[in-house]
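Here are my comments on the model you sent, set out as numbered points so that each can be checked against the coordinates.

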Amino acid sequence: MPESAWGWLIVTYLFLAGAGSGAFIAAVACDLLAPDWSKALARAGSLAAGPLVAVGTSALVLDLEAGLWEPWRQFYLVFNPSSMITWGVVILSAFIPISLLYAAALNEITFIGRYFRKYVWHLEIVGTVFAFATAIYTGVLIAVINGVPFWNTPLMPVLFLASALSTGLAVAMIGAAIIDISTIRTLSNFALGHVIFLSIEGVVLLLFVFMSLTRSVEAAESAMMLLSGSLSPFFWALVVVVGILAPFVLSIVEYYEYGRMPKYLVVGADLCVLIGGISLRALIIYSGTAPQVLA
Amino acid sequence: MPRYGIAIDTTKCIGCHACKVACQNHNGLEYDQKFNTIYQVDRGKYPSFSKEFVPAQCNHCENAPCERVCPTGAIYTSPEGVVLVHRNRCVGCKYCIEACPYKVRLIDHHEGISVKCWFCIDLVRQGGEPACVTTCPTQVRIFGDLDDPDSRVSRFIAENRAQPLRPDLGTKPKIFYKRS
């Protein structure tokens, strides 16, 4: 495995930011579009979004060095508009409070929630913009780097957005099953979402890996590491089979077997999506290789 | 203002690592921290074999990727064209390490900041030259003003058609190599 300056803390952050923003989008979509029987999913998604992104952001802060033990230095983080981290700090500082407020408003938690209940619609619109911004920015963060040719492609934000939407929906569905297990039958309606998001994710991943094979020697080296090299067992088992194929098949069955699928398979499909989501982030970070400067 | 750069003649390099050690001494680095890396490039098979030593350090790119991605603005270019790190501003996010195509940056875990070659600007401002340049027994490196066409470094680059590493990356490095 090649040395990367970023490790598991950044992987955790990329995954949680994606899952949290995806859960927010799932909650909003469900609250606006789906009828009353699906309110558990909107509530679960809204409750999970803010805390997930907040925990992810703490992982990001823990990865700092001087900025961690001299926290006032973090004030400087917003000073360079040409840096994606500066944009990320602004986006996260907006999204975390908005998503927490949305969770309070939708679930009418405390007087704050009751007060903001009438502004739910506004929070949904603004929050969705920032949720998409969070999901896309995590991809742009590593896509603008020309120090790692494998990451340096516009497909990266698309892949991260697709993964964020599928993991977010998975979080919301697991949450709905926890809040109210009787809704597990109605969750079959949302299996169609998994089918759509997972197919997009699969196609983008296919494009990303195959185009990397001819993009540059370094990108090809990284791609081969995933396809047949040292990371290939993880890539094929965790990302392709567990992360995409298994939940894809399970979701199709779930959609047609409406409400008759065993509970553990419904939740199991969602857990598979989450394992695939974090494995995808980890493998992309760990397979990055530096440009061959001596060529 | 001068615009400092270095020309490196790899055909003279014997791989003794004196530049690396002189740099570590001057900058008070630990034994496992280095601003200079000496890569070895092997070509051919014995007996038609050659080994090339390529010393690498911060290229002080004019279009520095590290400076562009640094969120705190801790990385800046001095008037002499030297890319420097503001020690009290860096938070240690390591974004610059990922962004640098030449991978010449490292984290100093004592101060928790990103560090790298800084052309020994303390010596240079007193009229001297960087430690790696003065210490080299075979005089591989030539330090000087790239804007002055009569400087030794400019003449060497012109005479030998010296090229930076990976000019295609568009970072406009200020270290030029004569490799054959």
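The points below take up the sheet in chain B, then the hairpin and its loops, and then the contact with chain A.

1. Please keep in mind throughout that this is a predicted model. The strands, angles and contacts discussed here are therefore computed from predicted coordinates, with local features requiring a pLDDT of at least 70.

2. In chain B, three strands make up an open sheet with mixed pairing, in the order β8-β1-β9. The edges of this sheet are formed by β8 (141-145) and β9 (175-178) of chain B, each of which pairs on one side only. From one strand to the next, the twist averages 20°.

3. Within that sheet, β1 of chain B, covering residues 4-9, runs parallel to β9(B), and four bridges join the two strands. To find this pairing in the viewer, one may start from B:A7, whose bridge partner in β9(B) is B:F176. As general background, the strands of a sheet pair through backbone hydrogen bonds, in either the parallel or the antiparallel sense.

4. Which helix lies across β1, β8 and β9 of chain B? It is α6 of chain B, made of residues 152-160, and this helix runs at about 115° to β8(B).

5. A second pairing worth inspecting in chain B is that of β2(B) with β3 (residues 48-56), where nine bridges hold the strands in the antiparallel sense. These two strands form a hairpin, with two residues between them. The pairing can be followed through B:T37, which has B:A56 as its bridge partner in β3(B), and through B:R43, which stands opposite B:S50 in β3(B).

6. Two backbone details deserve a look. The peptide bond that joins B:Y46 and B:P47 is cis, with omega of about 5°, and B:P47 is found in the loop between β2 and β3 of chain B. Further along, in the loop between β3 and α2 of chain B, B:H60 has a positive phi of about 45° although this residue is not a glycine.

7. How many residues does each chain bring to the contact between the two? Chain B gives 37 residues and chain A gives 35 residues. Between them the chains bury about 2800 Å², of which 56% lies on carbon and sulfur atoms.

8. On the polar side of this interface, 25 residue pairs are in polar contact between chain B and chain A, counting pairs with both residues at pLDDT 80 or more. The elements of chain B that give two or more residues to the side touching chain A are β2 (37-45), α2 (65-69) and α3 (95-99). The residues on that side of chain B divide into 20 nonpolar, seven polar and 10 charged.

9. Three salt bridges are found across the interface of chain B and chain A. One of them can be checked directly at B:R166 and A:E218, whose side chains meet at 3.0 Å, N to O.

Notes: Residues numbered from 1 in each chain as written. Chains lettered and ligands numbered in written order. Heavy atoms only, no water. Pairing = 2+ DSSP bridges. Axes fitted to C-alpha atoms, helices over the stretch in contact; angles between N-to-C directions. Contact = heavy atoms within 4.5 Å. Buried area = accessible area lost by both parts, 1.4 Å probe. Salt bridge = Lys/Arg side-chain N within 4 Å of Asp/Glu carboxyl O. Polar contact = N/O pair within 3.5 Å; in protein donor to acceptor, adjacent residues only side chain to side chain. Nonpolar A, V, L, I, M, F, W, Y, C, P; charged D, E, K, R; others polar.
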